[in-house]
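User: Hi! I'm new to reading protein structures, and I'd like to understand how the labels people use are justified. Could you walk me through this one?

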Amino acid sequence: MNQKSTGTQGAAAGDVLLKVNGLQKHFPIRKGMLQRQVGAVKAVDGIDFEVRSGETLGVVGESGCGKSTMGRLITRLLEPTAGTVEFEGRDITHLGVSGMRPMRRDVQMIFQDPYSSLNPRHTIGTIVGAPFRLQGVTPEGGIKKEVQRLLEVVGLNPEHYNRYPHEFSGGQRQRIGIARALALSPKLVIADEPVSALDVSIQAQVVNLLDDLQDELGLTYVIIAHDLSVVRHVSDRIAVMYLGKIVELADRSSLYRAPMHPYTKALLSAVPIPDPRRRSAKSERILLKGDVPSPIAPPSGCRFHTRCWKATRICTTQEPPLIELKPGQRVACHHPENAEDQAPQDTQLLSAAREAIELVPVGRDEAPAGQGAAAAEPATGSEGAAAEGTASGE
Amino acid sequence: MTELHKSGAAVGEVVDASPAPTAFLEVRDLKVHFPTDDGVVKSVDGLNFQLERGRTLGIVGESGSGKSVTSLGIMGLHTAGQYGKRRARISGEIWLDGTELLSADPDHVRKLRGREMAMIFQDPLSALHPYYTIGHQIVEAYRVHHDVDKKTARRRAVEMLDRVGIPQPDKRVDSYPHEFSGGMRQRAMIAMSLVNNPELLIADEPTTALDVTVQAQILDLIRDLQKEFGSAVIIITHDLGVVAELADDILVMYGGRCVERGPAEKVFYEPRHPYTWGLLGSMPRLDREQTDRLIPVKGSPPSLINLPSGCAFNPRCPYADVPKDNVTRTVRPELQEVGGRHWAACHMTQEQRERIWTEEIAPKL
């Protein structure tokens, strides 16, 4: 079981590289003079998954679902409350700082904000070379040469070795962060929202770069993001998180083609599609009402039951386990979509469920015209005239 | 009385100089320049567009392309006169319902702001005042323009909160912004901007700070409200998905200028500017089969102090050498009509662009 870490080619593609079991992180809430603990923010509340060598696991969810905390737990930047993290078969859950240091070579992180994750007083040569100095590694040909090679790998000019972070644009800074993460040729790279701070055109450059590096260096990624289209583009498998739990874990095509958890379905249907013709198409959008409940006191049973349109009594009392309903697709739901009902005896919908969502036809032109004030403007009748008017005179 | 007020002396002169347009909102050759120690930042450099009531214009572009500066310019928020000298140099004309705003008396514009035109900002937490309740802020916005007592205004605030979908509005009206979630704050801000039934609503990245499920709620709300109030809406965003959902017309900005403008359908299906192609190619899309690679725009956005000569996009344009005589690097292209109500600013000929789009770009998207 104990796989010997033998350089970068340690694990063959497909082997389990990272295994997470029942991982929890509760942040205590303290109050009063004695700082007694009065509660806890259950940021991550029992999640299990595996990451195989060479794959990309995407983690999606709304803000506050615990995806970033999860990333920090598996890189051991935060101490888990419970559960285990195994890397290459070795339990690293409670390793101390010195115990973790050799592991840091193999597990690296790319941060979201390229402005706050680079020290403004250091040159990029120092920043990208820091991992070598900290680990006491001297690469062939010296640190400077290796750093310049890395800069070239991520698409920066190696001559910029002596420049400072402020001299670079956001996209270039993100490349510096990537070069730093790659310095020690890690096996696993955790990227927390690697492109969300970047402009659209730059986003695509960085996504392509991550792709190329994976092909060239055989990297394994865990990419945390809130943008479902970016996650689909980069991931092989995807975990959907809601309030500290994984509600669905599946390979990319199954998840996007036939999502089983109602939350996944709602999340996918909420993504605005860049296609104006879709507006008049007959597709419907599931509009979840309200907000995500507080992770301090998550709902009983299934955490999604307060916003779910399929919720029945069992959902309020029993927490659905994350089970494999289809090869490669694990779902935690009593009444999944696109699969057999897990609690068929329980059919009585909760009263809240009936009002949980609104199905809106995507396309405003669909709705019956002449409803109130809309008719006051030349909206329907003189469409042509209005259209002409909008056109500017040269 | 109000008529008299509207045609103040300062306004009258300009009305004579150039004919008032027929469109509800017309922006003519708008320039917003900021003098800095390093040089003049030309955030907006000659922008033209028109907008009618009941229609939605989407302004798309990357950060620094001048989208927000344009909207602040229309709202008259660059020319805060009380500090003595203007921070921004603004020229051009902005006609709102027959009134030219840039040359108008600041007091007059002040009366229009909030009533005729209102704005939804990106970050509701910094746009709402943390010391006052939501209700207080809406009541204030209402009473500035309406001579009513506090009770009536409060009723109006509750009514608006209810309209934008805040549960228990009669209770939540007394909440402070920090007691609201991000989506609810954005709803409260929409309520505040719509409390005076403005005819022009400018939404500057209204959903960028929100989660995708909340974003869907807010976009839906904006769409419904527009239908109900018949206002003209300008939506500013970098997300092509959002404009596709809402906009009738799209204006693509690059380096402070408009590079392409036209009906949403045309801009998405027959784009005629390489930058628009780049934007479309940069986006991973959920509605299409998985592609292997995105087609990004190379390089990064230009500095607004030192715009590249000629076409501002030429250093990043893969087709910069298609037109002859190096014209892309020396001559700045003007907007040319490329189809019905569809303009693009590019030196390539119509045929070249049509061919490149249909043969090289479209199949890869």
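Analyst: Happy to help; we will take the labels one by one and see what stands behind each. Please keep in mind that this is a predicted model.

User: Let's begin with chain A as a whole. What is the secondary structure of chain A made of?

Analyst: Chain A comes to 12 helices and 14 strands. Of its 394 residues, buried ones make up 52%. Take the contacts in chain A between residues at least 6 apart in sequence: 66% of them join residues at least 24 apart.

User: How do you know that the length of helix α5 of chain A agrees with what a helix should span?

Analyst: We can set two values side by side. Helix α5(A) covers residues 170–182, which is 13 residues. The expected span is 1.5 Å times one less than the number of residues, so these 13 residues should span 18 Å. The end C-alpha atoms are 19 Å apart, and that agrees with the expectation.

User: What makes α5(A) a mostly covered helix?

Analyst: The count does: 11 of its 13 residues are buried. To be called buried, a residue must have under 20% relative accessible area. Among the residues of α5(A) that pass are Gly170(A), Arg173(A), Ile176(A), Ile178(A) and Leu182(A).

User: Which elements do the buried residues of α5(A) pack against?

Analyst: They pack against β6 (107–110), α3 (124–135), α4 (143–153) and α6 (200–217), which belong to chain A.

User: Why is His160(A) called buried?

Analyst: His160(A) has a relative accessible area of 16%. The cut-off for buried is under 20%, so at 16% His160(A) counts as buried. This residue sits in the loop between α4 and α5 of chain A. Leaving aside residues up to four places away in sequence, His160(A) touches Ile124(A) and Phe168(A).

User: And why is Ser201(A) called buried?

Analyst: The same kind of test applies. Ser201(A) has a relative accessible area of 0%, and since buried means under 20%, the label fits. Ser201(A) lies in helix α6 of chain A. Not counting residues up to four places away in sequence, Ser201(A) touches Glu62(B), Ser282(B), Pro296(B), Val297(B) and Arg316(B).

User: Those partners are in chain B. How do you know that chain A and chain B are in contact?

Analyst: Contact means heavy atoms within 4.5 Å, and by that rule 57 residues of chain A are in contact with 67 residues of chain B. The size of an interface is often given as the accessible area lost when the parts come together. Here, chain A and chain B bury about 5,500 Å² between them, with 52% of it on carbon and sulfur atoms.

User: What makes the pair Arg277(A) and Glu265(B) a salt bridge?

Analyst: The rule asks for a side-chain nitrogen of Lys or Arg within 4 Å of a carboxyl oxygen of Asp or Glu. Arg277(A) and Glu265(B) meet with N and O 3.0 Å apart, so the pair fits the rule. Across the interface of chain A and chain B there are 2 salt bridges, along with 14 residue pairs in polar contact (both at pLDDT 80 or more). Among the elements that give two or more residues to the side of chain A touching chain B are α6, α9 (262–270) and β11 (284–288) of chain A. The largest share of that side, 9 residues, comes from α6(A).

User: Which domains does the assignment give for chain A?

Analyst: Domain 1 of chain A is 55–76 + 100–254, and domain 2 of chain A is 259–366. Their contact takes 14 residues from domain 1 and 25 residues from domain 2. The centres of these two domains, taken over C-alpha atoms, are separated by 32 Å. The area buried between them is about 1,800 Å², of which carbon and sulfur atoms give 59%. On the domain 1 side, Tyr242(A), Leu243(A) and Glu248(A) lose the most area to domain 2, together 37% of what that side buries.

User: Why is Glu62(A) with Arg307(A) called a salt bridge?

Analyst: Their closest N and O atoms are 3.7 Å apart. The limit is within 4 Å, so this pair counts as a salt bridge. The rule finds 2 salt bridges across the interface of domain 1 and domain 2 of chain A.

Conventions: Residues numbered from 1 in each chain as written. Chains lettered and ligands numbered in written order. Predicted model: local features only at pLDDT ≥ 70, side-chain atom pairs only at ≥ 80, totals over all residues. Heavy atoms only, no water. Helix = DSSP H or I, 4+ residues; strand = E, 2+ residues; numbered from the N terminus. Buried < 20%, exposed > 50% of the residue type's maximum accessible area, 1.4 Å probe, protein only. Domains from an automatic or database assignment. Buried area = accessible area lost by both parts, 1.4 Å probe. Polar contact = N/O pair within 3.5 Å; in protein donor to acceptor, adjacent residues only side chain to side chain.
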